[in-house]
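Please open the model in your viewer and keep the selection panel at hand. The stops below begin at a single residue and widen from there.

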Amino acid sequence: MHRSRQLLNAIERAYVQLLELEDDQPHSNVSVEDRRAAVSKVFQSAKVRPLQERLRDLKDVSSDEHAVVFMSIPKGARLVTRMLPKLSMPEAQSLAGLLCHHLLPFMKRDEEKASVKVLLRGLQDQFQRWSLGVLVRLLDMLNAQTVTGNVAAVALLVEQYSSAAVAFLNALVKSGYEQCAAGAAAPVKQWCQSCHRLYILLEPHRDVLTAHLADDEKAAYFDFVQLLARAASGQFSAAGSA
């Protein structure tokens with residue numbers, strides 16, 4: 001109970017600081033860099049920021065436990081997504097890595113099925129400005145996790161979060177696809193392999209994953225799978241991601 005109260009207090013303090021920054025910005029001549037530095041300071045004061053280098057090598061779940069718990073609280077998730085557009089690119093990428101690497105703990109803690117949905121929607125808007133290498137690492141983190149047997153965590157994500165999960169995955173794959181279609185030099189081969197792995201993880205569960213979807217959601221899912229299949233086979237075209 002004491003720990004929960006501390007977390008909620010940290011979220012409230014960070015919210016107040018962020019609102020004060022947002023209120024000051026329209027009336028100030030502060031540069032974009034200085035504004036991001038100010039938001040980053042609020043972010044770090046909430047003790048949720050993982051180290052940037054952990055995006056490359058996230059192995060120790062316990063060292064990220066505080067951030068996972070913080071972001072699993074609905075208000076904490078909303079705070080983080082509100083900060084995302086204002087954070088530096090490495091900070092936003094480290095948050096995406098945190099969610100993708102610890103997807104199962106996030107889903108387990110998200111009893112109201114609200115926090116993960118908020119994070120998915122906030123992060124998907126960031127993918128277009130990130131490099132193909134970062135997108136490959138995020139996709140590999142998602143692909144690496146299994147629940148039991150051959151059931152992938154990413155399949156469970158789609159089953160539990162429906163359209164929000166599909167939109168998140170589609171934005172991730174589409175951003176990488178468009179970079180490859182535009183002639184990205186590297187790592188195109190790794191991207192295709194990662195997309196192929198994701199396709200293999202999802203396709204056996206197609207009927208289960210789409211059974212509870214509305215017709216428009218099913219259409220979105222099938223469009224996503226088609227895009228994923230093209231990316232997996234290396235069939236890139238400027239019109240292919242439309």
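## A tour from one loop residue

Begin by selecting Ala 184, which sits in the loop between α9 and α10 (188–202); helices here are DSSP runs of H or I with at least four residues, strands are runs of E with at least two, and both are numbered from the N terminus. Before going further, note that this is a predicted model, in which local features need pLDDT of at least 70 and side-chain atom pairs count only at pLDDT 80 or more, while totals for chains, interfaces and linings use all residues. Residues are numbered from 1 along each chain as its sequence is written, and side-chain values use heavy atoms, with hydrogens and water left out.

Is Ala 184 buried or exposed? With a relative accessible area of 23%, Ala 184 is partly exposed, where buried means under 20%, exposed means over 50% and partly exposed lies in between, for a 1.4 Å probe and protein chains only. Now show the surroundings of Ala 184: leaving out residues up to four places away in sequence, it touches Leu 132 and Gln 179, a contact being heavy atoms within 4.5 Å. Add Ser 131, whose C-alpha atom is 9.3 Å from that of Ala 184, although the two residues are 53 apart along the chain.

Next, select helix α8 (residues 132–143) together with helix α9 (residues 153–181), whose axes come within 10 Å and cross at roughly 155°; the axes are lines fitted to C-alpha atoms, for helices over the stretch in contact, and angles run from 0 to 180 degrees between N-to-C directions. The pair α8 and α9 is therefore roughly antiparallel, a label for angles over 145 degrees. To see what fills this contact, display side chains for Leu 132, Leu 135, Leu 139 and Leu 142 of α8, which meet residues of α9 including Val 154, Phe 168, Leu 169 and Leu 172. The residues of this contact comprise nine nonpolar, three polar and no charged ones.

Move on to Ser 194, which lies in helix α10 and is buried, with a relative accessible area of 4%. Beyond its neighbours within four places in sequence, Ser 194 is in contact with Val 136, Leu 139, Asp 140 and Asn 143.

Finally, zoom out to the whole protein chain, which has 12 helices and zero strands, and in which buried residues make up 45% of the 242 residues. Of the contacts between residues at least 6 apart in sequence, 77% join residues at least 24 apart.

Notes: Parallel < 35°, antiparallel > 145°, perpendicular 65-115°, else oblique. Nonpolar A, V, L, I, M, F, W, Y, C, P; charged D, E, K, R; others polar.
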